[in-house]
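Biologist: Please take one short part of this model and go through it closely, then set it against the chain as a whole.

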Amino acid sequence: MIYFDNSATTQVDASVLATYTKVSQSIWGNPSSLHNFGEQAYQLLEQSRQQIADLLGVNLSEILFTSGGTEGDNWVVKGTAMEKRAFGRHIITSSVEHPAVHNSMEQLTQLGYEITYLPVDDEGRVSAADLKAAIRPDTILVSVMAVNNEVGSIQPLQEIANVLKDYPTIHYHVDAVQGIGKGIADLIFNDRVDFITFSGHKFHAPRGIGFIYARAGKRLAPLMTGGGQERNLRSGTENLPAIAGMARALRLLLENESTNVASERAVREQILHHIQTFSKVTVFSKDNDHFAPHILCFAIAGVRGETIVHAFEDRDIYISTTSACSSKKHLASSTLSAMNVPDDLSTSAVRVSLDEHNTLAEADQFNKVFDELYEQFKKINS
């Protein structure tokens, strides 16, 4: 089997799973309990928090645990809206955000908030100049993803930060679910970003766990109220086994980041350079520094994306249409639509997404199968 769908989810690392199992079996106390067993759980919780903070170069108090990227995005967007509603009801985001951000924005419009969706260029990137022009006295939040989950474009995070330095009261949120461990930490953790979203299952941790970075001094209203966990900001008994596993997964991810990035980029380039020679292939993920090393989006004209996905599946190669969240709905890519790609081509788009375990040998096998399938599709469409 060749698994090229890592942007949808990654396989849990064996050592991470061992950590999860060990904690589940030996430290099952509630971290909020007063007895010694609860104190053991609390100490492990804070050790995990400290490890994540140290790996990212931030303060322990700036790491808050969530159930994953969707909750994190919802929390920052809606939590900012609630916290800063007295100061304004205008929010700026891009037209290519993940549904966790986009649909949160749409929900806020029903509560009287105004959303400005910045357009993107043919690489799926916003313009810092457009952002500056969109800012109003009542703007309270700018939310822009680090790496687009469909085509892999990297947003101009530093240029956005440079604009927002003149507006210190506006919250700046970066969805880094697809950006962690991809060689762009300096862009994500710049000195103007206030909130960052992460999801464990994108880097070999269990599903259902994630965290946000919340800069010290920046206020965010809670969405989950109850027992007062996470400094009264996110109530609910902490998923300690998954948190401990996620801390380990993050360490494993970052300790060989440069090597992993180079490996992913080499596999991606081997596929890209091959498929772009075919006349009916359109590649949306360019071969330049504006794109992440692990995502490759392309289309074969006249062949629907789900047809391509299932054809590769029949050869034991697993890819996806442009977004796992919408693939079963048979929707055209929202990102490609925002990039002004025609619908008939957008519905033909598929995504290859890599991790550090993918190899050049797998790329060669993919290319071989691609050649065979392309000939079959050509006969069908001729």
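**A short helix and its chain**

Modeller: The chain exposes about 16000 Å², of which carbon and sulfur atoms supply 51%. The model is a predicted one, and the part to look at is helix H8, which covers residues 229–232.

Two residues of this helix have backbone angles worth listing. Arg231 lies in helix H8, and its phi is near 60 degrees, a positive value in a residue other than glycine. Asn232 is also placed in helix H8. The phi of Asn232 is near 65 degrees, again a positive value in a residue other than glycine.

Their accessibility can be stated as well. Arg231 has a relative accessibility of 48%, so it counts as partly exposed, because the exposed class begins over 50%. Asn232 has 56% relative accessibility and therefore counts as exposed.

Now the chain around them. Helix H8 is one of 14 helices, and the chain also has 13 strands. The radius of gyration is 21 Å, close to the 21 Å that the globule rule gives for 382 residues, so the chain is as compact as a globular protein of that length. Along its principal axes, the C-alpha trace spans about 70 × 50 × 35 Å.

Of the 382 residues, 55% are buried; Asn232, by contrast, counts as exposed. Among contacts with a separation of 6 or more, 73% are between residues 24 or more positions apart. As for charge, the chain has 33 positive and 45 negative charges, and their mean positions are 4 Å apart.

How values were computed. Residues are numbered from 1 along each chain as its sequence is written. This is a predicted model: local features need pLDDT of at least 70, side-chain atom pairs count only at pLDDT 80 or more; totals for chains, interfaces and linings use all residues. Side-chain values use heavy atoms; hydrogens and water are left out. Helices (H or I, at least four residues) and strands (E, at least two) are DSSP runs, numbered from the N terminus. Buried means under 20% relative accessible area, exposed over 50%, partly exposed in between (1.4 Å probe, protein chains only). The radius of gyration is taken over C-alpha atoms; the globule rule is 2.2 Å times the number of residues to the power 0.38. Contact means heavy atoms within 4.5 Å. Accessible areas come from the Shrake-Rupley method with a 1.4 Å probe; for residues, only the protein chains shown count as cover. Lys and Arg count as positive and Asp and Glu as negative; His and the chain ends are not counted. The place of a charge is taken as NZ of Lys, CZ of Arg, CG of Asp or CD of Glu.
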